[in-house]
Amino acid sequence: MDIYRVTKESPKWLFKAYDFARTDAFVFGQNIPISVEYSHDEPIGDDYKAVVIVDDNKPVAGCKVSFPFPEVGKIGRVCVIREYQRKGVGKILINEAEKWIREYGAEKIVINSQDRAQKFYEKQGYNLVPGVNPRDYEQITVDSEKDIPRGYVPAFHPQGFS
Ligand SMILES: CC(C)(COP(=O)(O)OP(=O)(O)OC[C@H]1O[C@@H](n2cnc3c(N)ncnc32)[C@H](O)[C@@H]1OP(=O)(O)O)[C@@H](O)C(=O)NCCC(=O)NCCS
């Protein structure tokens, strides 16, 4: 199993690998429309960071890493392809993202999670903080915010985000 830290300079196939994992896990696995899944991606700039896992030359998992505040790292868009779920890959992915965040000296890590993944994150040592607005930890520009379909989150996840 190969673990990659992806930045703006990484080879293009790694971005495609991550997109494949997202498409499999979210679009096919959770019926999220592909237009929604990719509608609010920020452009790949200097700050872009993602962890991608490849097994046997096939993309199997990925997540994004960002720093909404200098002392706070954030892990997001965590996905493992359906065929590989519940085999320990998600744990490896989170461990690598945490390692990377710690190397930047961040003191805290936040994750805006779907309710269905709550148990997974609790197993990785995270605590639920109810009532947090996920947008508090997003780096959103005025332009990109216009494109976010606001009805989407409550419609698919009635209990909101953890
Ligand atoms: C949620 C997800 C990232 C977990 O990754 P994974 O590779 O399936 O999880 P792992 O096999 O590494 O599991 C690690 C531990 O969490 C547990 N776990 C994983 N998913 C769980 C779930 N949905 N409910 C309860 N426990 C779960 C595992 O049983 C395992 O427990 P153990 O350490 O006691 O053996 C993955 O299943 C996935 O991508 N799902 C679809 C997309 C998604 O929900 N992403 C999260 C969006 S916020």
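Two strands count as paired here if DSSP finds at least two bridges between them. With that in hand, let's walk through this predicted model, starting from its sheet. Five strands make up an open sheet with mixed pairing, and their order is β1-β2-β3-β4-β5. At the edges sit β1 (2–6) and β5, each of which pairs on one side only. On average, neighbouring strands are turned by 25 degrees against each other, direction ignored.

Take a look at the β1 edge. Here β1 and β2 run antiparallel and are joined by 5 bridges. One residue to find is Arg 5, which stands opposite Val 51 in β2.

Now add the helices. α1 packs on the sheet, where it touches β1, β2, β3 and β4, and its direction makes about 100 degrees with that of β3. α3 lies across β1, β2, β3, β4 and β5, running at about 35 degrees to β3.

Next comes the interior. The largest nonpolar core has 25 residues, and those touching the most other members are Ala 21, Ala 61, Cys 63, Leu 93 and Ala 97. At least two residues of this core come from each of α1, β2 (50–55), β3 (58–69), β4, α3 and β5 (108–111). Ala 61 is a good place to pause: beyond its neighbours within four places in sequence, its contacts include Ala 21, Ile 53, Cys 79, Tyr 84 and Leu 93.

Finally, turn to the ligand. It is surrounded by 19 residues, of which Gln 85, Gly 90, Lys 91, Lys 119 and Phe 120 are the closest. The elements giving two or more residues to this shell are α1 (12–30), β4 (72–80), α3 (89–103) and α4 (118–123). By class, the shell holds 7 nonpolar, 6 polar and 6 charged residues.

Key: Residues numbered from 1 in each chain as written. Predicted model: local features only at pLDDT ≥ 70, side-chain atom pairs only at ≥ 80, totals over all residues. Near = placed C-beta within 6 Å. Helix = DSSP H or I, 4+ residues; strand = E, 2+ residues; numbered from the N terminus. Nonpolar A, V, L, I, M, F, W, Y, C, P; charged D, E, K, R; others polar. Core = buried A, V, L, I, M, F, W, Y, C linked by C-beta atoms within 7 Å. Buried ≥ 20, exposed ≤ 12 C-beta atoms within 10 Å, placed from the backbone. Contact = placed C-beta atoms within 7 Å. Axes fitted to C-alpha atoms, helices over the stretch in contact; angles between N-to-C directions.
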